[in-house]
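Reader: Before the discussion begins, please present the structure. I should then like to ask about its charged pairs and its surface.

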Amino acid sequence: MHPETLALYQSRMADANAGAVVPPLSLSTTFERAADGSFPHGHIYGRTSNPNRDLLETTLAALEGGFAGLAFSSGQAATMTLLLGLRPGDHVIIPDNAYHGTPALLEELFHPWGLTYTRADFTNLADIQASIHENTRLIWIETPSNPLLKIADIQAIADLAHQAGAWCACDNTWATPILQRPLELGCDVVMHSTTKYIGGHSDVLSGALVFREDGELYQRVRRFQLLGGAIAAPFDCWLLLRGIKTLTTRVRAQSATAFQLAEFLDRHPAVEAVHYPGLESHPGYEIAQNQMAMFGAMLSVQIKDGAEAAMAVAGHVRLFTRATSLGGVESLIEHRASVEGPNTATPQNLLRISVGLEHADDLIADLEQALVYAKPL
């Protein structure tokens with residue numbers, strides 16, 4: 001099936017009680033046993049399974065082309081549980097540009113536990129190769145990266161991982177399965193902060209992992225999901241399934257608008273640099289063209305004259321909302337370095353933009369009037 005059809009078909013649930021077209025919400029924390037002690041409906045307790053979570057997990061697996069999905073209470077919970085699937089003494093390689101919560105997890109939680117990690121330039125295969133140790137067990141890709149939108153060659157990096165006897169995981173949050181299919185390019189696991197595009201309405205916090213096949217890593221992570229209990233709640237799953245029904249339409253429309261904004265900003269005299277893989281000047285343009293259906297709805301822009309000028313632009317927008325996060329129907333803008341904290345490597349003059357469903361002309365007009373104020377407030 002095409003993605004539009006699959007998103008609708010897979011997210012259906014037969015309702016024996018009323019024949020409801022929309023999947024019913026199951027809030028029960030426990031499920032009745034049959035007289036012989038069996039569980040005729042397959043559910044025992046809310047932490048181990050739930051009808052809404054089961055449907056979400058199978059739908060996400062179908063969209064990514066994977067063996068199984070696991071739904072969590074946040075994207076960080078998904079990443080954390082995947083890392084728990086490794087063992088003390090293992091080594092992880094992550095990009096030098098990535099969502100700041102990923103290295104924070106490794107440094108503050110898992111390094112004391114016994115994991116080691118190396119940050120590498122994922123646009124340079126030789127740098128990744130040089131970072132591989134005998135105990136490397138996971139290579140973590142993030143493409144497009146947050147917030148510089150660096151592009152990594154998923155197939156080539158997955159090959160490097162497997163040659164080293166390691167697993168390869170990809171944070172596919174920014175691309176979604178509509179624009180990029182890492183499992184088809186050789187990855188073993190895909191991670192989503194489903195809070196973002198999959199939910200799509202800035203009203204649900206959740207995360208997910210999708211595994212390409214059954215095996216040691218999936219079995220360990222599935223067990224830790226059940227034991228740790230950092231699961232997505234039934235109503236969160238219900239909201240995510242609703243978001244999935246419009247995922248294809250939303251992401252394609254948002255991506256088309258983002259391309260127009262990137263072209264406009266790339267020509268503006270107050271702009272120092274635009275980071276968007278759809279621009280032919282972007283160093284990852286050819287790779288992105290090969291592994292993405294479109295170039296996504298995220299972009300970053302560096303404003304001339306530094307941090308104060310960037311903050312002034314963000315301070316004068318009228319349609320964009322000044323807020324963190326991304327992937328919702330509303331357009332957001334934020335000064336990213338101030339979100340990440342004092343140790344950030346993000347340029348101080350960088351604004352990260354999440355493009356929503358407003359008309360492209362209106363968003364361009366808003367940025368144009370705000371860029372007039374590219375000087376300190």
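**Charged pairs and a nonpolar patch**

Reader: At 33% relative accessibility, does Arg252 count as buried, exposed or partly exposed?
Author: This is a predicted model, and the class follows from its computed accessible area. Buried requires under 20% and exposed over 50%, with partly exposed in between. Since the value for Arg252 is 33%, this residue counts as partly exposed.

Reader: With which side chain does Arg252 meet in a salt bridge?
Author: The contact has an N to O distance of 2.3 Å. Arg252 lies in helix H10 (residues 247–267) and its partner in helix H1 (residues 3–10), so the pair ties together parts that are 248 residues apart in sequence. The partner has 32% relative accessibility and therefore counts as partly exposed. It is Glu4.

Reader: Which residue meets Asp203 in a salt bridge?
Author: Asp203 lies in the loop between strand E6 (189–192) and strand E7 (207–211), whereas the partner is in helix H9 (residues 234–245), so the salt bridge ties together parts 39 residues apart in sequence. Asp203 is partly exposed at 38% relative accessible area, and the partner is partly exposed at 40%. The N to O distance is 3.8 Å, and the residue is Arg242.

Reader: Are Arg352 and Glu334 buried or exposed?
Author: Their side chains meet in a salt bridge of 2.9 Å, N to O. The pair links strand E12 (residues 350–354), which holds Arg352, with strand E11 (residues 332–335), which holds Glu334, 18 residues apart. The relative accessible area is 3% for Arg352 and 5% for Glu334. Because buried means under 20%, Arg352 is buried and Glu334 is likewise buried.

Reader: Which residues are linked with Glu334 and Arg352 in a network of salt bridges?
Author: Side chains of opposite charge can pair when their charged atoms come close. Here the network of salt bridges links Glu334 and Arg352 with Arg336 and Glu340.

Reader: How many salt bridges does a search of the whole structure find?
Author: The pairs discussed above include Arg252 with Glu4 and Asp203 with Arg242. Across the whole structure, the number of salt bridges found is ten.

Reader: What is the area of the nonpolar surface patch that includes Leu27?
Author: Leu27 is found in the loop between H1 and helix H2 (51–64). Its relative accessible area is 59%, so Leu27 is exposed. Leu25, Leu27 and Phe235 make the patch, whose area is about 290 Å².

Note on methods: Residues are numbered from 1 along each chain as its sequence is written. This is a predicted model: local features need pLDDT of at least 70, side-chain atom pairs count only at pLDDT 80 or more; totals for chains, interfaces and linings use all residues. Side-chain values use heavy atoms; hydrogens and water are left out. A salt bridge is a side-chain nitrogen of Lys or Arg within 4 Å of a carboxyl oxygen of Asp or Glu. Helices (H or I, at least four residues) and strands (E, at least two) are DSSP runs, numbered from the N terminus. Buried means under 20% relative accessible area, exposed over 50%, partly exposed in between (1.4 Å probe, protein chains only). Patches are made of residues with over 30% relative accessible area and no salt bridge: like charges are joined within 9 Å, nonpolar side chains (Val, Leu, Ile, Met, Phe, Trp, Tyr) within 5 Å. Accessible areas come from the Shrake-Rupley method with a 1.4 Å probe; for residues, only the protein chains shown count as cover.
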